[in-house]
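User: I'm new to this one and would love a close look at one small part of it, then a walk outward from there. Where would you start, and what else should I look at along the way?

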Amino acid sequence: MHYKPYELVRKSLLFTLSKKDIESLIIEEKLKKDGFKINYFLDTHDIIQYAFPLGINPGLKMERNAYLVADIHLGYQFLFKYSDLNLILPKNYIEEANRVFSFALEVAKNNYRDLDVEIDLIFDQLNKSNGEFFQSTAVDLIKNNLSLVAYIILELAGESIKRFDYVLSEKLKAETSEFKKVGVNPELYKTIIDLFENIITIREKRYGRKLYSKRYNAQSDSLVLSKIISSNKKLKKKTINFYFSSSDWSHPVVDRLKEFWPEYQGRKFSFLRSQKHTFAQFVLNEMNPDQRIKFYNEILELLGTMDKVNDLDQRRILLAKLSQFVEDERNSFENYGIIRRYSDLRDELEKAVNSSMVSRVEGRDYFLDTLQTVKSHLADDSNLKLYTSKLDLKLLHLNFFDNLLDQIQSERGFTERNFGVDPIISIKQQLPIIFNQRSFEDNGYIQELIDDIKRFYLNKKPKPTDIKKFKTSLLNSTVLSDGDDFTSEFTKLLAYLIVPKSSDNDSPNLKIMSRVEEIIEDCRIISPDKYKQLKGSIFREFRYIQVWAARRVGNFMDSLELSKKYSKVYSNDPRFVHGKCLASYCLASEIEDSKEESDNTKLLKHLNNSIKSAYEAIQGYEEFIRNGQKEAIQGKEVLLNTLSFLEVKKSVVTGLKDHLIIGRKMIIELKNIVLSQEDDYQKYPEYLSTEAYIELHESELEHDPSVKLGHALKSITKAISLCHEYNYPKKSIGWLESLKEEILFKTR
């Protein structure tokens with residue numbers, strides 16, 4: 001159908017721009033000219049709209065005007081593919097993005113499954129009819145599912161998922177450190193929540209049902225909006241934050257917040273952006289800023305008097321010019337092509353099904369070919385599942401990498417080292433013992449990342465320049481780039497697990513662990529060959545770090561059970577037995593801290609188990625060392641210190657002095673190993689504190705304890721000093737201080 005220029009503009013998103021919208025776009029252009037940095041904080045709604053241009057379930061809609069649908073997605077195309085805007089998904093929305101996209105994928109899978117069954121029935125009926133084309137149920141089925149059939153042919157083969165993947169992988173940036181520091185004003189937050197509440201209440205009455213999800217999302221929206229408003233008060237920093245949301249829930253709220261709008265050159269302007277704004281930016285993209293400002297002013301005048309357009313030649317010329325812009329740009333871009341291909345395909349399907357010629361060979365073959373095309377996409381369900389897994393990982397990467405940067409940037413991360421909630425306080429055990437680098441086969445980039453992490457986290461006090469350098473190193477690291485197989489995905493997850501996270505039981509580590517279990521299962525089903533290839537390598541590293549991370553967040557029993565399980569599966573890897581030793585020691589410490597004498601039997605049980613596992617793991621490390629794997633020396637070294645401490649602890653609990661002698665023997669062997677590595681034994685506070693603990697109890701066997709106590713006091717004083725120097729946790733220093741008090745008491 002041919003439209004006159006006037007009608008074309010009427011069917012354009014440009015016609016939906018209000019005076020307020022265009023004035024705000026003019027100010028945005030002026031801000032850019034003035035050197036302002038502009039950030040767009042995205043609503044999850046718009047990422048989903050871009051990913052699914054035909055709707056999540058097109059069988060239920062897609063009867064909208066094709067021109068408007070095309071403009072909407074041209075606006076998204078400009079936003080996500082061609083603009084140089086800083087696009088940010090607020091942290092508050094990451095969980096929502098995961099939830100909404102999971103729902104969208106579930107709908108897609110259900111569409112696949114339901115149509116797959118129905119098409120099987122059609123082919124079955126065709127086979128039974130000996131080639132005679134049927135005219136009843138199957139035709140009705142296809143008639144009722146024309147949108148869905150067309151949608152599957154065009155979209156469900158992976159295009160939507162690829163668009164979502166593209167946004168997460170290539171376009172989104174992390175929240176700036178300045179934005180993260182912006183506090184939430186409680187009064188402003190309440191004002192915004194109340195506005196959402198009023199709108200939701202009105203619409204609940206209109207729709208006659210409760211809108212629970214809207215109330216849930218309103219909390220996140222209100223937090224984001226209040227932070228954006230607060231951040232925009234600091235325009236002297238030449239940064240402006242816009243809120244991009246095409247949801248009709250946000251617009252009335254922002255319109256009612258005019259007193260909080262930012263101000264530029266004495267004029268307040270809306271900080272809300274949507275698909276119609278980016279469509280306007282797209283149409284005028286080839287112009288320079290001054291031309292765009294002039295054109296916006298002309299559009300402002302034009303749209304204000306649209307009904308009188310034919311009265312003025314100048315406006316008629318402008319209207320024709322504008323409509324030509326719209327039509328030319330629509331025709332040249334892929335998204336409009338998607339809409340047009342969808343409409344054309346749907347029309348062809350409808351024609352084929354309704355044709356009186358359908359029983360003839362030509363119509364029948366066309367119909368069957370179409371069904372076969374759909375069937376081939378349905379058969380490719382494994383690709384959909386594979387993309388789904390990768391996208392879930394992308395969301396994890398986005399979330400946890402952001403958390404990692406938070407930790408690097410926060411002062412809290414460096415005033416104390418984060419050793420977790422377990423009592424294993426040791427520089428050499430702050431990170432997992434990753435000695436078996438051969439597990440990573442040819443993936444040397446994971447080793448590079450591990451080395452970067454070690455250099456940073458094992459320094460005494462990182463300078464601001466060190467922090468910046470490490471952050472840049474992580475951002476640029478190849479381990480965080482896209483990979484085409486499961487190996488690269490696992491190595492990324494290992495990177496997150498290796499870096500210490502929250503010391504709370506709700507640690508992100510555990511969420512990642514749970515997700516990787518699902519990915520492993522997906523890998524086993526989708527790619528059995530890849531599963532076999534990875535089973536003995538990357539999976540093992542994940543299992544080991546799983547044991548380590550569970551202990552770090554205080555799940556000692558889980559850590560013990562996991563280490564028992566995997567020490568049987570990987571019987572030649574002593575790290576799992578090492579994990580068993582440390583988990584048992586943690587359980588013993590829990591009992592000791594409870595100070596209940598009745599638990600002495602349990603305490604001894606865990607101590608004995610820990611000591612037994614320590615000896616077993618040391619033997620395993622020695623085997624690796626004999627085979628030339630020098631990385632295993634670290635495992636033996638830290639275990640000797642742990643074993644020395646455990647033997648002395650057992651001596652204290654049981655009163656048997658033989659264990660004290662064994663503890664001394666172990667610390668001597670540890671000193672010899674450190675010396676052979678040309679390392680300085682005196683720089684490790686955990687080694688010095690163990691020796692002080694030994695000397696304290698050895699003094700009880702001496703006629704003149706002063707010499708032993710003097711050595712113990714010197715060792716513990718040095719250990720405490722080093723702990724402060726290395727930013728050890730206060731709880732760790734507190735234990736050393738109490739040990740020092742005990743030594744001082746004995747010297748009196």
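Analyst: Glu678 is a good place to start: with a relative accessible area of 77%, Glu678 is exposed, because anything over 50% counts that way. Keep in mind that this is a predicted model. To find the residue, look in the loop between α30 (658-676) and α31 (685-698), where Glu678 sits. Its backbone is worth a look too: the phi angle of Glu678 is positive, about 55°, although the residue is not a glycine.

Now hop over to Gln265, which also has a positive phi, near 55°, in a residue other than glycine. Here the loop is the one between β5 (263-264) and β6 (267-268). Gln265 comes out as exposed, given its relative accessible area of 61%.

Next, let's step out of the loops and into some helices. Glu187 belongs to helix α10, which covers residues 186-207. It has a relative accessible area of 65%, so Glu187 is exposed. Follow the chain for 39 residues from Glu187 and you reach Ser226; the C-alpha atoms of these two are separated by 9.5 Å. Ser226 will lead us to the sheet shortly, but two more helix residues come before that.

Lys612 is one of the residues of helix α28 (residues 600-626). Its relative accessibility is 61%, so Lys612 counts as exposed. From the C-alpha of Lys612 to that of Cys581 is 7.6 Å, although the two positions lie 31 residues apart along the chain.

For a contrast, try Asp21 in helix α2 (residues 19-33). Is Asp21 buried or exposed? It is buried: its relative accessible area is 5%, and anything under 20% counts as buried, so there's not much doubt about the label. If you set aside the neighbours within four places in sequence, the residues in contact with Asp21 are Thr16, Lys276 and His277.

On to the sheet. Five strands make up an open sheet, and going across it you meet them in the order β3-β2-β1-β4-β7, with parallel pairing. The edges are β3 (172-173) and β7 (272-273), each of which pairs on one side only. Helix α11 (residues 212-231) packs on this sheet and touches β1 and β4; the direction of the helix makes about 155° with that of β4.

Let's stay with β1 for a moment. Strand β1 (residues 37-42) pairs with strand β4 (residues 239-244) in the parallel sense, and six bridges hold the pairing. Two of the bridge partners are easy to pick out on screen: Asn39 is matched with Asn241 of β4, and Phe41 is matched with Tyr243 of β4. On the β2 side, three bridges join β1 to β2 (residues 86-88), again with the strands running parallel. There, Tyr40 has Leu87 of β2 as its bridge partner. How much of β1 is covered? Mostly, it is: five of the six residues in β1 are buried.

Back to helices, this time to a packed pair. A pair like this is described by the angle between the axes and the distance between them. Helix α26 (residues 556-569) and helix α27 (residues 574-594) pack at about 155°, with axes 8 Å apart. Angles over 145 degrees count as roughly antiparallel, so that is how α26 and α27 are arranged. Their crossing is left-handed. On the α26 side, the residues making the contact include Phe556, Met557, Leu560 and Tyr566, and on the α27 side they include Phe576, Val577, Ala583 and Leu587. Sorted by class, the contact has nine nonpolar, five polar and three charged residues.

Finally, zoom out to the chain. The secondary structure comes to 33 helices and seven strands. Of the 748 residues, 55% are buried. And if you take the contacts between residues at least 6 apart in sequence, 77% of them join residues at least 24 apart.

Technical notes
Residues numbered from 1 in each chain as written. Predicted model: local features only at pLDDT ≥ 70, side-chain atom pairs only at ≥ 80, totals over all residues. Heavy atoms only, no water. Axes fitted to C-alpha atoms, helices over the stretch in contact; angles between N-to-C directions. Helix = DSSP H or I, 4+ residues; strand = E, 2+ residues; numbered from the N terminus. Parallel < 35°, antiparallel > 145°, perpendicular 65-115°, else oblique. Left-handed = near helix turned anticlockwise from the far one by under 90°. Contact = heavy atoms within 4.5 Å. Nonpolar A, V, L, I, M, F, W, Y, C, P; charged D, E, K, R; others polar. Pairing = 2+ DSSP bridges. Buried < 20%, exposed > 50% of the residue type's maximum accessible area, 1.4 Å probe, protein only.
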